[in-house]
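Me: Could you take a close look at one part of this structure for me, namely the way its strands are arranged, and walk me through it slowly? I am in my first year, so I would like to follow each step with the structure in view.

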Amino acid sequence: MKRNIIFAGMLLLSLFLFACGTSNEREDGLVPIRTFYVDSENGNDANDGLSNRNAWQSLEKVSNMTFEPGDHIYFKRGSSYTGCVIINGDGTEENRIVVGAYGNGDAPSFTNPDPDNQNGNALQVRGDYQIIENLFFHYTAPAPRGTDFIRVWRTGALHIGKGHDYAIIRHNEFSHVAKAIQSNGEYTLITHNYIHDANEREQDGFLSHPYWGPIGIHLGIGNQEVSYNRIENMFVEGGQWGGDGGAIEIDNGFNHKDNIHIHHNITRHNMGFLEISWEHDLRERETSNVIIEHNVSRDFQSFVLWWAYGTGSRMSHNTIIRTDSIEGMAMDTVFQIDGQDIVISDNIVIVHDDMWGPVYVGDGVQSSTRTNNFYWDYEDGKVFIGPELGFDEYILDPLFVDFANGDYELQEGSPAIGLGALNDEESE
């Protein structure tokens with residue numbers, strides 16, 4: 001199937017998806033047992049909230065409720081809210097609690113610029129089996145300057161607390177946030193969200209100056225899936241590391257980092273695609289069964305900073321473009337690998353002649369297995385790999401359809417057919 005990955009076109013598609021309404025007749029088959037409506041302009045907290053004519057008004061009203069399986073809470077499109085809404089209550093697999101939008105127009109918007117109000121969270125998931133969808137989050141607060149790990153882990157426009165599992169976060173937009181999603185819940189699915197741009201109004205875009213840059217999706221525990229998201233411009237220049245931030249990060253030394261699947265995401269101009277913590281964490285936690293596949297990354301820094309040790313993980317069928325740079329970044333490479341037993345296969349890696357670091361660096365490179373990867377410098381073809389080429393690895397032009405305009409589909413006759421994010425059966 002022809003799949004044209006032109007970023008402007010994908011943006012239009014994303015915006016279309018976010019504009020789609022939520023109704024009581026749902027494609028996923030979830031039929032509400034009770035439906036509550038919230039309207040910041042015309043609602044009244046004295047109402048019962050059970051119809052759009054008797055909508056509630058405030059976040060406080062919603063936060064003071066404990067919802068039951070099958071309850072749906074809909075915010076009116078075009079409405080806006082400041083502060084934090086807490087969604088309390090457990091759904092079930094058959095009857096999830098759903099938070100979404102109703103009516104016509106723009107998605108309901110949520111902001112919280114106050115770090116002392118629920119750590120700047122605009123929405124907190126505090127229950128099992130909840131779905132959060134079709135909402136817009138913007139200009140949420142960073143953590144205080146120079147703060148500790150704990151406070152950073154509490155920050156995020158949307159925050160899933162530990163022990164609150166089986167959440168689905170989908171079809172939301174996050175704009176100008178210090179961190180979009182902090183997920184400490186297991187068996188969480190984060191999918192089809194659009195995350196873009198750091199909150200430049202506070203701390204010059206840092207999540208916590210000078211150590212933490214902005215983060216798109218922050219996983220604080222294992223057993224999670226991150227898929228089909230689009231993440232852009234989560235980076236900041238300066239600070240302790242010369243520049244920081246990234247699309248996805250896995251850390252929290254208190255919790256395990258096992259069984260994480262990150263796939264079919266598109267990222268652009270973040271300070272790296274993925275970082276997995278180790279030494280700079282409260283506790284050194286190993287990883288296992290972390291699968292990174294079918295992602296398209298055109299980010300400023302490394303595709304992975306895999307600091308954590310561990311076993312049984314894989315990076316395969318990714319299309320990685322490392323041709324865009326900004327001055328001062330600490331890691332000018334593609335794969336920083338200190339872990340062991342990582343299989344790296346079937347990827348297409350494009351670099352730029354000005355990239356001074358080798359493609360692979362780190363203590364875990366020699367213990368990793370590399371097979372069937374393609375490397376190419378788009379200016380002169382010369383690539384500094386670092387180690388020797390692995391089995392069935394080549395320095396060859398993969399022959400994209402239109403590299404300059406972001407179409408990374410392969411031409412007919414490409415030597416890399418079946419490799420990368422877009423060119424095998426699983427990507428169809």
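**Strands and their partners**

Reply: Twelve strands, counted as 12, form an open sheet in which the pairing is parallel, and their order across the sheet is 3-6-9-12-15-18-23-26-30-33-36-37. At the two edges of this sheet lie strand 3 (80–82) and strand 37 (394–395), each of which pairs on one side only. Please keep in mind that the model is predicted. In general, the strands of a sheet pair through backbone hydrogen bonds, and the pairing may be parallel or antiparallel.

To see one such pairing in detail, begin at the edge with strand 3, which is joined to strand 6 (residues 109–111) by 3 bridges in the parallel sense. Within this pair, Ser-80 has Ser-109 of strand 6 as its bridge partner.

There is also an open sheet of 10 strands, again with parallel pairing, whose order is 4-7-10-13-16-21-24-27-31-34. Its edge strands are strand 4 (85–88) and strand 34 (360–361), and each of these pairs on one side only. Inside this order you can find strand 24 beside strand 27, and the two, with strand 27 covering residues 304–306, pair in the parallel sense over 3 bridges. If you look along that pair, you will see Leu-274 standing opposite Val-304 of strand 27.

Strand 24 (274–276) is followed by a loop that runs to strand 25 (287–293), and Ser-277 has its place in this loop. Ser-277 counts as buried because its relative accessibility is 4%, and the cut-off for buried is under 20%. Once its neighbours within four places in sequence are left aside, Ser-277 is in contact with Ile-250, Asp-251, Asn-252, Lys-257, Arg-285, Trp-307 and Ala-308.

Strand 8 (residues 130–133) deserves a careful look of its own, as both of its faces are covered. Gln-130 and Ile-132 are buried on one side, while Ile-131 and Glu-133 are buried on the other. Strand 8 runs parallel to strand 5 (residues 97–102), to which 3 bridges join it, and in this pairing Gln-130 is the bridge partner of Ile-97. Strand 8 also pairs with strand 11 (residues 168–170), in the parallel sense and over 3 bridges, and here Ile-132 has Ile-169 of strand 11 as its bridge partner. Gln-130 and Ile-132, which share one side of strand 8, can therefore be traced in the display as bridge partners of Ile-97 and Ile-169, with the general rule that strands of a sheet pair through backbone hydrogen bonds.

Methods: Residues numbered from 1 in each chain as written. Predicted model: local features only at pLDDT ≥ 70, side-chain atom pairs only at ≥ 80, totals over all residues. Heavy atoms only, no water. Buried < 20%, exposed > 50% of the residue type's maximum accessible area, 1.4 Å probe, protein only. Helix = DSSP H or I, 4+ residues; strand = E, 2+ residues; numbered from the N terminus. Pairing = 2+ DSSP bridges. Contact = heavy atoms within 4.5 Å.
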